[in-house]
Amino acid sequence: MKFSKYAQTALAAANAGADVLMKYYQKTLNVEYKGITDPVSQADKNSQKAVIKVIKDIFPQHGVLAEEDGVNEIKKDYCWIIDPLDGTVNFVHGVPLFCVSIGLKYKNEIIVGVIYSPVMKEIFIAEKGKGAYLNGKRIKVSDTSKLIRSLAVTGFPYELEGRRKRVFGNFENIVSCAQGIRRLGSAALDMAYVACGRFDFFWEETLKPWDIAAGIIIVKEAGGIVTDYNGTKNYFSSSTLLAANKKLHKQVLKILNETK
Ligand code: IPD
Ligand code: CA
Ligand code: CA
Ligand code: CA
C-alpha cells in the first residue's frame, strides 16, 4: 500500500518516539505524579519532543495536541493528536504493553493513525479509505456475533470518584455476558487489538483525544464501529468510547446504557 506523506510522517514520528522509549525501558526512571495514580516520566516527555520534532520539521503550519504539554491546537484544520507513551503505568513497571500513538485530524475527522508497540515489534497503521495494516498486512475486526463468545477489553480511569457506579456496573454487566475480559493498560493498544480481531470490543470512559485518535481510524478502516456511549461520534467531548465489530456494537451499547 502506498501511503500519503501524512501517513509516512506519522510512521517516522512514531519510530522516533519509540526509539526514545526503548532507551528508557526497564531502566531507572524519574517518575512524577500528575494525580495520585497517574505517573509521567522523562520517557513520556522526551518521546513527545522527538515525535513533535519530526512532525513540525515537515509540517510547521499544522497544529499539535499532545498529552505532556499545554499546547492545544485542535481547532486548526490539520492537527496531530499525540500520545507519546500510552501505557505509562505498564512502562514504569517494566510491563511490555505500551506504545506511541499518533492520529492526524483534518477538520472534524481523523484521517491517519499509527500505533507502534516497540517491544512487541508491532506497527498498526491506517489511512482514510486505504484500510488498516499490522506490520504491512491488512487487518480486519473479528466477526464474532455472540456476546458469550466475545473477548472484551476495558480500562479504568485514574480518577474513579463520581464514576464508580457506572464503571463497575458496566464491568459487572459485561463480565456476566462475555466469554472474558482483559485489561491491558493501554487504550491505544486495546483499540489496535480490536482492529486486528484479537479482541471483539473495547469500552472505557474518561479517555482523552490522544488515547483514542489513532485507534479510531485504525478500527474504522479495519471494518469496526467506533462511537461514544450515546452511539455518536462525539467521543472527544463525551470521553466515553465503544469500539467493536459491526455485529456486537449495538448489543454492547445497550448494556453500557443500563447503568446510569
Ligand atoms: C492511559 C492508558 C490506560 C487507560 C487510561 C489512560 P496513559 O493512558 O491508556 O489504559 O485506562 O485511561 O489515561 O496515561 O498511559 O497515556
Ligand atoms: Ca498519562
Ligand atoms: Ca494515554
Ligand atoms: Ca501517555
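**Figure 1. Three aspartates hold the calcium ion (ligand 3) in this predicted model.** Let's start at the metal: Asp83, Asp86 and Asp211 each coordinate the calcium ion (ligand 3) through an OD atom, at 2.0 to 2.2 Å. If you follow these donors along the chain, their spacing reads D-x2-D-x124-D. Aspartate 86 sits in strand β4 (residues 78–86), while aspartate 211 belongs to helix α6 (residues 209–221). This pair lies 125 residues apart and links distant parts of the chain. Look also for the calcium ion (ligand 2), which is 5.2 Å from the calcium ion (ligand 3).

**Figure 2. Ligand 1 is surrounded by 16 residues.** The closest of them are Asp86, Gly87, Thr88, Tyr158 and Glu204. You may recognise Asp86 from the previous view, where it coordinates the calcium ion (ligand 3). Three contacts to oxygen atoms of ligand 1 are worth picking out. Glycine 87 places a backbone N or O atom 2.7 Å from an oxygen atom of the ligand. At serine 186, a polar backbone atom is 3.0 Å from an oxygen atom of ligand 1. Aspartate 83 uses its side chain instead, with a polar atom 3.2 Å from a ligand oxygen atom. Taken alone, ligand 1 exposes 380 Å², and the protein buries 95% of that.

**Figure 3. Five strands build an open sheet with mixed pairing.** Reading across the sheet, the order is β11-β10-β12-β14-β13. The edges belong to β11 (180–182) and β13 (225–227); each has a single partner strand, so one side of each is left without a neighbour in the sheet. On average, neighbouring strands are turned by 15° against each other, direction ignored.

**Figure 4. Strands β10 and β11 pair in the parallel sense.** Here we move in on one edge of the sheet, where β11 stands. Strand β10 covers residues 151–154, and 3 bridges connect this strand with β11. To find your bearings, try alanine 152, whose bridge partner in β11 is isoleucine 181.

**Figure 5. Helices α5 and α8 pack on the sheet.** Helix α5 (residues 187–195) touches β10, β12 (201–205), β13 and β14 (240–244). Its direction makes about 155° with that of β12. Helix α8 (residues 249–256) touches β12, β13 and β14, and the direction of helix α8 makes about 150° with that of β14.

Key:
Residues are numbered from 1 along each chain as its sequence is written. Chains are lettered from A and ligands numbered from 1 in the order in which they are written. This is a predicted model: local features need pLDDT of at least 70, side-chain atom pairs count only at pLDDT 80 or more; totals for chains, interfaces and linings use all residues. Side-chain values use heavy atoms; hydrogens and water are left out. Two strands pair if DSSP finds at least two bridges between them. Helices (H or I, at least four residues) and strands (E, at least two) are DSSP runs, numbered from the N terminus. Axes are lines fitted to C-alpha atoms, for helices over the stretch in contact, and angles run from 0 to 180 degrees between N-to-C directions. Contact means heavy atoms within 4.5 Å. A residue is near a molecule or strand if one of its heavy atoms lies within 4 Å of it. A polar contact is a pair of N or O atoms within 3.5 Å; within protein, one must be able to donate a hydrogen and the other to accept it, and residues adjacent in sequence count only if both atoms are side-chain atoms. Accessible areas come from the Shrake-Rupley method with a 1.4 Å probe; for residues, only the protein chains shown count as cover. Donors are N, O and S atoms within 2.8 Å of the metal (3.2 Å for Na, K and Ca); water is not among the atoms, so sites may look incomplete.
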